[in-house]
Amino acid sequence: MPHRHAETAPLPHTLEHSRTRPVHWLATATAMAAVIAAAGLVQPATGSPATDITGTAAKDPAKGPQATAPDPAAVTYPLDCKGAPQTVTTSAHGDLDGDGRPETVAAVRCDAGSGTPPHAIYVLVQDPAEGAHPRVVATLLEAARRQTATELTVRDGLVTATLVGYSSPDVPRYSPDTKQLAKWRWRDGKFRQELTDSAARSV
């Protein structure tokens with residue numbers, strides 16, 4: 001199957017745990033000839049693989065005995081729900097930039113009460129300062145793409161999600177007909193996206 005490669009705008013070397021101003025990125029699709037994993041991606045700057053963190057804390061020798069993953073329920077997301085509440089349907093934790101502190105990836109949508117509103121996917125960081133709140137630093141998937149994210153995972157610094165959507169506006173909302181496997185990895189100050197297309201079919 002063909003692959004498409006998308007990159008966000010250049011960012012600082014890390015995900016900026018110590019800054020207070022949120023920064024947002026929007027992944028844009030461009031053609032790619034091969035899978036990102038086969039293109040010689042490097043490991044994090046520490047020289048060791050990023051840790052898959054499935055709990056809420058991880059060892060962090062540089063910044064103390066523990067580093068806490070951001071709580072996705074403690075964030076107001078930049079998602080316009082027109083007065084409806086926001087709902088985090090799934091999340092995953094892991095060190096995405098190799099700095100020893102876990103980030104949280106959250107799939108969020110509006111709680112419309114009926115139907116299946118599309119997801120947005122955000123990356124959160126937790127500043128080490130006492131009393132600091134988690135904050136959004138990247139947008140991996142915009143709700144405007146009108147896709148539903150399932151099976152969200154973070155493993156070895158790689159974010160993976162299955163994206164279910166629609167091939168055209170004529171497809172009923174209750175019957176999505178496309179499925180894509182999307183992967184994002186932080187490298188050289190930006191998130192690089194691999195998007196595997198699948199033919200339109202009932203899912």
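**View 1. Strand 11 and strand 12 pair side by side in the antiparallel sense.** This is a predicted model. Strand 12 covers residues 178-187, and 8 bridges join it to strand 11. Look for leucine 158: it stands opposite arginine 185 in strand 12.

**View 2. Strand 10 and strand 11 form a hairpin.** Strand 10 spans residues 148-155 and pairs with strand 11 in the antiparallel sense. Their pairing runs over 6 bridges. Threonine 153 has threonine 160 of strand 11 as its bridge partner. There are 2 residues between the two strands. Aspartate 156 sits in the turn, with a positive phi of about 55 degrees.

**View 3. Strand 11 is covered on both faces.** The strand takes in residues 158-165, and 8 of its 8 residues are buried. In a regular strand, side chains alternate between the two faces of the sheet. Here, Leu158, Thr160, Thr162 and Val164 lie on one side. Val159, Ala161, Leu163 and Gly165 lie on the other.

**View 4. Aspartate 127 and arginine 135 form a salt bridge between buried residues.** Their closest N and O atoms are 2.9 Å apart. Aspartate 127 counts as buried because its relative accessibility is 9%, under the 20% cut-off. Arginine 135 also has 9% relative accessibility, so it counts as buried too.

**View 5. Aspartate 80 and lysine 82 form a salt bridge between exposed residues.** The closest N and O atoms of this pair are 3.6 Å apart. Aspartate 80 has a relative accessible area of 58%. For lysine 82 the value is 75%.

**View 6. Arg187, Asp188 and Arg192 are linked in a network of salt bridges.** In the bridge between arginine 187 and aspartate 188, the closest N and O atoms are 3.5 Å apart. Aspartate 188 counts as exposed, at 52% relative accessibility. The protein's salt bridges come to 4.

**View 7. Threonine 76 lies in a loop between two strands.** Strand 5 (64-68) comes before the loop and strand 6 (86-94) after it. Threonine 76 is exposed, with a relative accessible area of 72%. Valine 136 is 60 residues away in sequence, yet the two C-alpha atoms are 8.7 Å apart in space.

**View 8. The whole protein has 13 strands and 0 helices.** Of its 203 residues, 46% are buried. Take the contacts between residues at least 6 apart in sequence: 55% of them join residues at least 24 apart. The protein exposes about 10400 Å², and carbon and sulfur atoms supply 53% of that area.

Notes
Residues numbered from 1 in each chain as written. Predicted model: local features only at pLDDT ≥ 70, side-chain atom pairs only at ≥ 80, totals over all residues. Heavy atoms only, no water. Buried < 20%, exposed > 50% of the residue type's maximum accessible area, 1.4 Å probe, protein only. Helix = DSSP H or I, 4+ residues; strand = E, 2+ residues; numbered from the N terminus. Pairing = 2+ DSSP bridges. Contact = heavy atoms within 4.5 Å. Areas by Shrake-Rupley, 256 points an atom, 1.4 Å probe, with all protein chains shown as cover. Salt bridge = Lys/Arg side-chain N within 4 Å of Asp/Glu carboxyl O.
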